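Visitor: I would like to learn how to read a protein structure step by step, beginning with its aromatic rings. Could you take me through it slowly?

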Amino acid sequence: MNTLNSFLKVINLIVLRRNKFTMESKRSKILHEIAPSNITLEILSNGSSHMTPSVFIRTPHRCYLFNCPEGMSRLSTFLRVRPTHVEDIFITKGKWENVVGIPGLVLNKGSEDDVRIHGPPIAIDILKSFSPMLDADFGSTNNFIKMRHCDVKRDNYEDSTLFINYLNVENSKERRYLKNGDNTPTNTAFLIKLKPCLPALDPLKLIELKIPRSPLISKLKSGETITLQDGRIIKPEDVIDFRKKSESLSLLVADICSSQNLQSISSNYLLKDFMGDKRIQKLNYIIHFTQQKIFETKEYKNWMGEFGTDCQHLILNVKGRFLPLSDNVYNSHYMLRSIFSDGFPEIYPIGQVLEGEVILQDDDKYDIKIDNEDNNIGPVFIPEFLRRFSLRGTLDKNEMNPILLDFNWQRFLNDRLKKEPVELQKRIDEFKQVYTKTFDNFGNRPRDVYPTVVFLGTSSACPTKYRNVCSQLVRLSEFSNILIDCGEATYGQLLALFGPSNIDQFLTKLNAIFITHAHLDHILGVFHIISRRIEAFEKQEIPYVPLVVCHDVSFLHLCNTYSEIFLDLFPFIISICLPTFFYANSSAQGIRQHISAVDLIKHFPKNIFCHDDWNLSEATAFQVEHTKWSCGYSFVTLKEKRKIVFSGDTKPCENIIKYGKDADLLIHECTFEDGLEEDASYKKHSTMKQAFDASVKIGAKNVFFTHFSARYHLTPPLPDYILNAGNISMANDLMSVPFDLLPLFPKLLPIYQYLYKDELFEFEMRKMTRMANNNARLNEKYNTGSFEEILKQKRKANS
């Protein structure tokens, strides 16, 4: 075994030095040999949003994540968490909500990196089932991220920073995972002990040895021996202040869901030294993911009291204050709302109650203190979202770089107005005049808003700071809603749109989910929606109505896996597997023939589907060119006879033109800018010009482009043919498109020209650099500097 471990260590060192990660990995290796002097505990989720409770321990070069809820991949950019720094993920309970964020997070890691999953074996099993559904943007599915499972039946995990004991917290009868929620998933608590770091450097010794202020001091802090310019060799022990010793803290992460779990952890021998009047060790923090009904019991309070009054209790199982996941999203949305309020509805919390508020990550004024009746229990409080605690070192603003939430959209807009004050304000005023005139023309007539399309996610493959992954909500009527695709954290977008008080009512009116294909950025949010929808019917005490889900074979496999491990979905959904209908039996010859489109209305169950209730007369799925079973959708409303077409992910193809003909509203993917046709063809997506050409051939009256590459944050490029078209718009997250206001949205593009001038300029610079590099490669290949000669030789070579 020792020989094998030594061999694996050698292999890991070789892997760490590969490709572009070489320099960073060498540095990380050195830094990881000793415990860091700065360590923080940070609250990722306190249960106040769509994300289940989660925390992480951060060092300058590593992050230890405890539970990875849905939406973590998007939040990681805001938290400044590099995916390469997340090497260990600890799962407290083997449930979907705790592991669903892992695929999106680790897909951004290099193929040389791996991630260790600490927790129930079922966690790694469900993650492996995602492998066939990776997007081609991330490369071959055969090169899926290496995930190693660290079985919790082992005693511990150890590295240079910390030592973690696995405390198996399971009922005596829990020896296997049962289907349909018949038992509680296996739980694991984690006892974390920080290892001591090197003492601080003595400034007097540094002066005495005449060591200059330079990166050499950082090397000494990291435990390296340095050589000065005069040839002297300085060892770390020569300048260390041994009078100062680092404190070793201990933490416990517990997720208790039954009285049996509580009995098990209470009797665990590893905690005995921290408990009782004769405790010999101090437990500094307990992070409680424990269910509220267990937390409020007398037995649980008595257990908390065993750790004494010096132990702080962080409660992450209840609803704290709801905050948007990013102030940038809030500021951008309300900036656009100030221009076009009907196109950008208010998002939760309603009423701009956060406007003007500045929240510092280290500020404790929003922590909710909980009064203790038992004087034996230490401080108990609910920390704010993103709250940070120092486990070692100080929260120095210069060194630790705290996250700041600044909710001020007016300043966000004013900063952009300063760059082009005259032209931008002129465009805004012109739009508002047209906006006002439109409503004047309505007069006293009732609004004709249906169908209304709401863009819940407009990014492709992975989320960005301003855009979530793909999903569109279609509100067919006041009582009928459908979703087209359902990427990760779609429920969070719906929660921002409707708020906690109205989300259940919306979910009971959600009739169907139409999945274009089974890449993770289109399906990962489905299961959260289904489970919340089940809860919504139970809360409102109304009979459950199954959800219609149209999907392909890969998604069906994932549904089967989910049903075997967590909850049997099939009593709660009507599964329509589209590939089974793309082939039909020929009555004449008895052979199967391929068909390119399916009339979905024929396959909806009659006891659920009603033309009048759904406001739907036609629903067609047609194949497009992306994955084997990718499809687009066409819908025609019953009352207004309005046709809405969704292209799904596709390269240019005939079916989108055939079945999208004369659409009132076309929503077409637009992943790449012009000039990236090779990338688009390889990944089977469309460029902007290709999407534009398709819309012209279709004869669509109104067009929205969406599914933008992650390189386009606030806006994609806006070429002249788009600005001059007059019927094309660019989708934004949480943009609401009422049918009677469709002509207004293209008029936002002239505003975007000046509002996002810096971003558009950056796109142009990238394009010019790309063209210059291409010309340089051609010049080198054909050994000539004349562009005309390059083309002539290239044509000759091609012929």
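Guide: Ring pairs link Phe340, Phe431, Tyr435, Phe439, Phe442, Phe455, Phe704 and Phe745 into a cluster. Please keep in mind throughout that this is a predicted model.

Visitor: How many aromatic pairs does a search of the whole structure find, and how is a single pair described?

Guide: A pair of aromatic rings is described by the distance of the centres and the angle of the planes. Searching the whole structure gives 42 aromatic pairs. In one of them, Phe295 and Tyr300, the ring centres are 5.6 Å apart and the planes stand at 55°, so this pair is called tilted. Both partners can also be checked for burial: Phe295 has a relative accessible area of 4% and is buried, and Tyr300, at 0% relative accessibility, counts as buried too.

Visitor: What angle do the planes of Tyr712 and Phe763 make, and where do the two residues lie?

Guide: The planes of Tyr712 and Phe763 are at 90°, with the ring centres 5.3 Å apart, so the pair is edge-to-face. Tyr712 lies in the loop between S33 and helix H25 (720–725), while Phe763 belongs to helix H27 (residues 757–782), so the pair ties together parts that are 51 residues apart in sequence. Tyr712 counts as buried at 1% relative accessibility, and Phe763 counts as buried at 6%.

Visitor: Tyr300 was mentioned a moment ago, so which residues are buried in helix H11, and what covers them?

Guide: In helix H11, which spans residues 298–305, the buried residues are Tyr300, Trp303, Met304 and Gly305. The cover over the buried residues of H11 includes helix H9 (259–266) and helix H10 (292–295), together with strands S12 (250–254), S13 (285–288), S14 (312–315) and S17 (380–382).

Visitor: How should I read the packing of two helices, and at what angle do H12 and H14 pack?

Guide: One looks at the angle and the spacing of the axes, and then at the residues that meet. Helix H12 (residues 327–337) packs against helix H14 (residues 409–417) at an angle of about 70°, and their axes are 8 Å apart. Angles of 65 to 115 degrees count as roughly perpendicular, and H12 and H14 are therefore roughly perpendicular to each other. From H12, the residues Asn331, Ser332, Tyr334 and Met335 meet Trp409, Phe412, Leu413 and Arg416 of H14. Sorted by class, this contact of H12 with H14 has 5 nonpolar, 2 polar and 1 charged residues.

Visitor: In what order do the 7 strands of the open sheet stand, and which strands are at its edges?

Guide: The order is S28-S29-S30-S31-S32-S33-S34, and the pairing in this open sheet is mixed. At the edges stand strand S28 (597–599) and strand S34 (728–730), each with a single partner strand, so one side of each is left without a neighbour in the sheet. From one strand to the next, the twist averages 15°. Within the sheet, strand S32 (residues 665–669) and strand S33 (residues 703–706) run parallel and are joined by 4 bridges, with Leu666 standing opposite Val703 in S33. Across S32, S33 and S34 lies helix H24 (residues 688–698), which runs at about 155° to S32.

Visitor: Finally, is Leu507 buried or exposed, and which residues is Leu507 in contact with beyond its neighbours within four places in sequence?

Guide: Leu507, which lies in helix H17 (residues 503–508), counts as buried at 0% relative accessibility. Leaving aside neighbours within four places in sequence, Leu507 is in contact with Tyr491, Ile529, Arg532, Arg533, Ala536 and Phe537.

Note on methods
Residues numbered from 1 in each chain as written. Predicted model: local features only at pLDDT ≥ 70, side-chain atom pairs only at ≥ 80, totals over all residues. Heavy atoms only, no water. Axes fitted to C-alpha atoms, helices over the stretch in contact; angles between N-to-C directions. Parallel < 35°, antiparallel > 145°, perpendicular 65-115°, else oblique. Contact = heavy atoms within 4.5 Å. Nonpolar A, V, L, I, M, F, W, Y, C, P; charged D, E, K, R; others polar. Pairing = 2+ DSSP bridges. Phe/Tyr/Trp six-rings, centres within 6.5 Å; stacked < 30°, edge-to-face > 60°. Buried < 20%, exposed > 50% of the residue type's maximum accessible area, 1.4 Å probe, protein only.
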